[in-house]
Amino acid sequence: MQNSLTISTSNFPPLSPFHQLTSHSTNKLPLAVQRPNHNLSVNNHVGPLHAVKGSGFLSAIGRAIEEEDYRKARAEVNRKGVDLEGYSIEGVSIGGHETCVIVPELKSAFDIGRCPLRAVHQNFLFITHAHLDHIGGLPMYVATRGLYSLKPPTVFVPPSIKEDVEKLFDIHRAMSQVELKLDLVALDVGETYEMRNDIVVRPFKTHHVIDSQGYVIYSVRKKLKKQYIHLKGKQIEKLKKSGVGITDTILCPELAFTGDTTSDFLLDPCSSDALRAKVLITEATFLDEGVSIEHARQHGHTHLFELIEHTQWIRNKAIVLTHFSSRHNIEEIRQAVSKLQVQGVSQSGCPDRRLQINALIIVFHFCWFL
């Protein structure tokens, strides 16, 4: 079991006018810190300097303070990511700026608000929804793969936005007079796509302020059918050579990514595979009574209290929580996680439940890939 908690947050205002964020919106996800630095001072709240609008001396001081916080926080970041259940999870995610989570073992990236270099080398890209901080880097991702003479990527999008994405690429092709090659797949909830002979993906419904979906990656395994379990090896081999189908295909959920969503997916039976994948990457924007559950829901996000309420449904071996509001400091996050761990045991009534809750991984970062 590995517990990892990064230190830091961003005071940058959101860039995307299409992403409905409050003044408390924040960092989301990836890189983990090797060890917390309790002497590191990071201001999580917007102070007077940040409230000054326009250019001038005070604004310049405010920017300098932000840059210094950024340098200190970045020094604590381990760019190699977090190793969970056989997968390396890395990337960058800052609310309103960009989100891109990378899993190299799957040759996959999830969302691409900008275009981190590491994402360019992933063959599969999964888009959860069309807010710019989740899809804005898509044209650059495709163009850079072409520049590096990499094969055209496979990009998965919700069916509702496929036509608009195609128009977007037509515009870029016309403006830049270059080929932008990709395999654009409109993969709907419940449909299955074979990424390779032992890996498939299925989307599941999520609940943001616009149309959205998450993705579950499955490993494909063969299991001997029950009626043949009693047979000896030579008998099984004989049946196999005769062309009899002696195995069933089993899909085992490995990793799930929700993107931005309310907690509704936790109670949807159709999302059960996301809750029993080895690793679940999901959000917990708000952590305490300072922001109500209703407020989180109105903005298409999840409150930690909702995760606590529904821990009995979570069967993942590891959870990556993302998208913490900048209103929360490092100690508040740590306390909230401890509460979630304890609550997970008390609600299940089973001491073994702690084995799953203790695998909780909090990744809270402030860094771009270079």
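**Polar contacts, salt bridges and cysteines in the predicted model**

The backbone nitrogen of Phe305 lies 3.1 Å from a polar atom of the His303 side chain. The model described here is predicted. His303 sits in the loop that runs between α8 (293-298) and α9 (304-309). The residue is buried, because the relative accessibility of His303 is 0% and the cut-off for buried is under 20%. The side chain of His303 also reaches a second backbone atom, the oxygen of Val291, at 2.9 Å. Neighbours within four places in sequence aside, His303 is in contact with Phe286, Leu287, Asp288, Val291, Ser292, Ile293 and Ala296. Val291 thus appears both in this list and as a partner of the His303 side chain through its backbone oxygen.

Helix α9 is followed by another loop, which leads to β15 (318-322) and holds Thr311. Thr311 is buried as well, with a relative accessible area of 1%. Leu266 is 45 residues away from Thr311 in sequence. In space, the C-alpha atoms of Thr311 and Leu266 are 9.1 Å apart.

Charged pairs were examined next. Side chains of opposite charge can pair when their charged atoms come close. Twelve salt bridges are present in the structure. One of them joins the side chains of Arg118 and Glu90, with an N to O distance of 2.9 Å. Arg118 belongs to helix α3 (residues 117-120) and Glu90 to strand β4 (residues 87-94), so this pair ties together parts that are 28 residues apart in sequence. The two partners differ in burial. Arg118 is partly exposed, at 35% relative accessibility. Glu90 is buried, at 5%.

Another pair lies within a single helix. Lys162 forms a salt bridge with Glu166, and their closest N and O atoms are 4.0 Å apart. Both residues lie in helix α6 (residues 162-176). They are four residues apart, about one turn of the helix. Lys162 is partly exposed, with a relative accessible area of 26%. Glu166 is also partly exposed, at 37% relative accessibility.

A further salt bridge brings together the side chains of Glu306 and Arg297, at 3.5 Å from N to O. Glu306 is buried, at 3% relative accessibility. Arg297 is partly exposed, with a relative accessible area of 30%. Salt bridges also form a network, which links Arg221, Glu254 and Lys278.

Cysteines were considered last. A disulfide is a covalent bond between the sulfur atoms of two cysteines. The structure holds zero disulfides. For Cys115, the closest cysteine sulfur is that of Cys100. The two sulfur atoms are 7.5 Å apart, too far for a bond, because a disulfide requires a pair within 2.5 Å. Cys115 is partly exposed, at 21% relative accessibility. Cys270 is exposed, with a relative accessible area of 68%.

Methods:
Residues are numbered from 1 along each chain as its sequence is written. This is a predicted model: local features need pLDDT of at least 70, side-chain atom pairs count only at pLDDT 80 or more; totals for chains, interfaces and linings use all residues. Side-chain values use heavy atoms; hydrogens and water are left out. Helices (H or I, at least four residues) and strands (E, at least two) are DSSP runs, numbered from the N terminus. Buried means under 20% relative accessible area, exposed over 50%, partly exposed in between (1.4 Å probe, protein chains only). A polar contact is a pair of N or O atoms within 3.5 Å; within protein, one must be able to donate a hydrogen and the other to accept it, and residues adjacent in sequence count only if both atoms are side-chain atoms. Contact means heavy atoms within 4.5 Å.
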